[in-house]
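Here is a short tour for anyone who likes to read a fold with the coordinates open alongside. Take a look at the model first, and then we can walk through it together.

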Amino acid sequence: MRHAYTVETVRAAERTLMSRLPPGTLMQRAAAGLAAACGSLMHGTYSRRVVVLAGSGDNGGDALYAAARLARRGAGVTAVLLTPDKAHPGGLAALRRAGGRTLPPEPEAADQAIAQAHLILDGIVGIGGRGGLRPQAAHLARTARESRATVVAVDLPSGIDPDTGETPGETVHADATVTFGSYKPGLLIDPAAEHVGALRLIDIGLGPYLPPPELEALQHADVAALLPTPVGETDKYRRGVVGVVAGSERYPGAAVLAVGGALRGGAGAVRYVGPGAEAVIARYPETLVTSGPPSKAGRVQAWVVGPGLGDDRAARQAVAEVLGSDVPVLVDADALRLADRDQIRRRTAATVLTPHAGEAAALLSADRADVESARLAHVKQLAEAYQATVLLKGSTTLIAQRGHPVRVNPTGTAWLSTAGSGDVLSGLTGSLLAAGLTARDAASVGAYLHGLAGRETPVPFGAHELADRIPQVWRSVHPRT
Ligand SMILES: NC(=O)C1=CN([C@@H]2O[C@H](COP(=O)(O)OP(=O)(O)OC[C@H]3O[C@@H](n4cnc5c(N)ncnc54)[C@H](OP(=O)(O)O)[C@@H]3O)[C@@H](O)[C@H]2O)[C@@H](O)CC1
Ligand SMILES: [K+]
């Protein structure tokens, strides 16, 4: 599991640790890790040209100390000092002792040095940065982006908001980010995460001083431990039966895709309820289909409701019936519009809402653009407002449930934004719910497998191919399955 902490938490842990160590120890640990990472990115240091963009805080200090180490190993280092009279004194002295030269941030000289660099170290600001980059820093960030050099962000790409992943203005676009002590939420959440590049964590000894995280990201081993596995004496009810209420005369395909996802989610059987039965059976003969309302469909351990449902009276009635049940319910697509919001809040069994940014905006009476630019705040707000587990789909899918760290899904690809992709995710996640995972785990594991399937399916793909790919990625996560 990867854990991420807010600036306030990181600073508190650093204060405790620093009080037990000689002054400067943490910065030297950070600089040593950073210099080693730069050396390996440049495949050596001798005769490499390195430009340091150094702000006046400790982030600039880290960059200057690391650059001094590179200079001692043969790199030619030029430091562009954003405010020369406030540059980190220890870092600057170390760099000068190692033979590095410095420049004030005058555009012409700085631009020329950047144009000739093999590697640029972005030490403009770290966790002390506030708001969008100031004009001089923004100019350097743009020049670095346009250069051919490898851009390495120190702790984080300058200009991103470390706590939220928002990008309030110009930011550095890094090829790699070397972060210290712990991940920060902004490194893992878009739009900021898009500018992080390859992410490396340098351990500076903070671990024992960190409380529960603000954000976490599952990795293969975490997902493997959560995947349902049938054991000796079992039957379909013990493995879980998932009910899928999806599709309409107009959109029978949504029913097929949701059932396709559900059949790959580990439940023992899939019950389909709705007008798409013929199409569903034609593609998946193992589905148990019923034509009546959900309440007459027979026993299920979890429901999925919404994909392609339309919005007629029968659809509205089906949503209300499903929400009235006492088993976990996943509410997606049309059902997010049709559901009585108070009925969602009153439920005692788990509810999972799976909106994309547009649907999330409607549920919160907010703007879609605001949701996309501040995903973490909005997913938490939704979970709170609806007293539900919320999976906010998008470039970085987030899963929130009150009282727990938000989860960010580390898999996925922009190719997943294709028609029907969400229907497969709903079926898959509902199936994991029926198999007994908690709402938060089912949503996280569903997003993880769905994202991996998106990465593994040859592109460009259609949503039905994603469903077909799930067994393969399941086995890649859990080879002993
Ligand atoms: N603490 C520790 O133990 C360890 C900390 N470590 C390192 O310290 C870093 C934090 O250092 P920090 O606290 O000095 O802040 P930092 O990120 O350098 O920024 C302050 C500077 O930014 C400027 N500035 C602000 N906003 C700006 C903007 N929008 N646009 C432009 N400039 C802006 C601000 O200017 P001022 O307002 O003072 O004029 C000031 O000069 C952390 O990220 C990690 O790298 C590691 O060594 C490990 C041990
Ligand atoms: K930085």
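The report below goes from a sheet to a ligand site, then to annotated residues and a few backbone details.

**The sheet and a helix across it**

Please keep in mind that this is a predicted model. A good place to start is an open sheet of seven strands, with parallel pairing and the order E4-E3-E2-E5-E6-E7-E8. Strand E4 (101-103) and strand E8 (198-202) are its edges, each pairing on one side only. From one strand to the next, the twist averages 20°.

At one end of that order, strand E3 (residues 76-81) pairs with E4 in the parallel sense over three bridges. If you would like a specific pair to display, Val-80 has Leu-103 in E4 as its bridge partner. As background, strands of a sheet pair through backbone hydrogen bonds, either parallel or antiparallel.

Helix H2 (residues 25-41) lies across strand E5 (119-123), strand E6 (150-154), strand E7 (176-180) and E8. Relative to E7, helix H2 runs at about 160°.

**Around ligand 1**

The shell of ligand 1 holds 27 residues, and the closest are Gly-57, Asp-58, Asn-59, Gly-126 and Gly-128. Which helices supply at least two residues each of this shell? They are helix H1 (7-18), H2 and helix H3 (58-72). H3 gives the largest share, with four residues. Sorted by class, the shell has eleven nonpolar, ten polar and six charged residues.

**Two groups of annotated positions**

An unreviewed UniProt entry carries the annotation "binding site" for Asn-59, Asp-122 and Ser-158. These positions are spread over 100 residues of sequence, yet they cluster in space, with a largest C-alpha distance of 9.6 Å.

Asn-59, one of the residues closest to ligand 1, sits in helix H3. Beyond four places in sequence, Asn-59 touches Gly-123, Val-125, Gly-126, Gly-128, Val-154 and Asp-155. Ser-158 belongs to the loop between E6 and E7. Outside its sequence neighbours within four places, the contacts of Ser-158 include Asp-122, Ile-124, Val-125 and Gly-129, as well as Thr-171 and Val-172. The contact with Asp-122 therefore links two positions that share this annotation.

For "binding site", the unreviewed UniProt entry also lists Lys-393, Gly-394, Ser-395, Thr-396, Thr-397 and Gly-422. This group is spread over 30 residues of sequence and clusters in space too, the largest C-alpha distance being 14.1 Å.Gly-394 is found in the loop between strand E16 (389-392) and strand E17 (398-400). Leaving aside neighbours within four places in sequence, Gly-394 is in contact with His-356, Ala-357, Glu-372 and Arg-375. Thr-397 is also in the loop between E16 and E17. With residues up to four places away in sequence set aside, Thr-397 touches Leu-391, Leu-392, Asn-409, Gly-412 and Ala-447.

**Buried or exposed?**

The table gives the C-beta counts for some residues of this report.

| Residue | Other C-beta atoms within 10 Å | Status |
|---|---|---|
| Asn-59 | 26 atoms | buried |
| Ser-158 | 27 atoms | buried |
| Gly-394 | 20 atoms | buried |
| Thr-397 | 28 atoms | buried |
| Ala-333 | 23 atoms | buried |
| Ser-47 | 9 atoms | exposed |

Why does Gly-394 count as buried? Gly-394 has 20 other C-beta atoms within 10 Å, and a residue is buried if 20 or more lie within that distance. Ser-47 is exposed because only 12 or fewer are allowed for that class and Ser-47 has 9.

**A residue before E16**

Ala-388 is placed in the loop between helix H17 (375-386) and E16. Ala-388 counts as buried, with 22 C-beta neighbours inside 10 Å. Thr-351 is 37 residues away along the chain, but the two C-alpha atoms are separated by 5.3 Å. Apart from residues up to four places away in sequence, Ala-388 touches Ile-344, Thr-351, Val-352, Leu-353 and Ala-383.

**Backbone details to check**

Most residues other than glycine have a negative phi, and most peptide bonds are trans. Here are some exceptions to look at in the model.

A cis peptide bond joins Asp-190 and Pro-191, with omega about 5°. Pro-191 lies in the loop between helix H7 (185-188) and E8. The bond from Val-459 to Pro-460 is cis as well, with omega near -10°. Pro-460 is in the loop between helix H19 (439-456) and helix H20 (463-477).

Ser-47 is not a glycine, but has a positive phi of about 60°. Ser-47 is in the loop between H2 and strand E2 (49-54). Ala-333, again not a glycine, has a positive phi of about 45°. The place of this alanine, Ala-333, is in the loop between strand E14 (329-331) and helix H13 (334-338).

Conventions:
Residues are numbered from 1 along each chain as its sequence is written. Chains are lettered from A and ligands numbered from 1 in the order in which they are written. This is a predicted model: local features need pLDDT of at least 70, side-chain atom pairs count only at pLDDT 80 or more; totals for chains, interfaces and linings use all residues. Two strands pair if DSSP finds at least two bridges between them. Axes are lines fitted to C-alpha atoms, for helices over the stretch in contact, and angles run from 0 to 180 degrees between N-to-C directions. Two residues are in contact if their C-beta atoms, placed from the backbone, lie within 7 Å. A residue is near a molecule or strand if its C-beta atom, placed from the backbone, lies within 6 Å of it. Ala, Val, Leu, Ile, Met, Phe, Trp, Tyr, Cys and Pro count as nonpolar, Asp, Glu, Lys and Arg as charged, and the others, Gly among them, as polar. UniProt positions are given in the numbering used here, feature names are shortened, and annotations may be inferred rather than shown by experiment.
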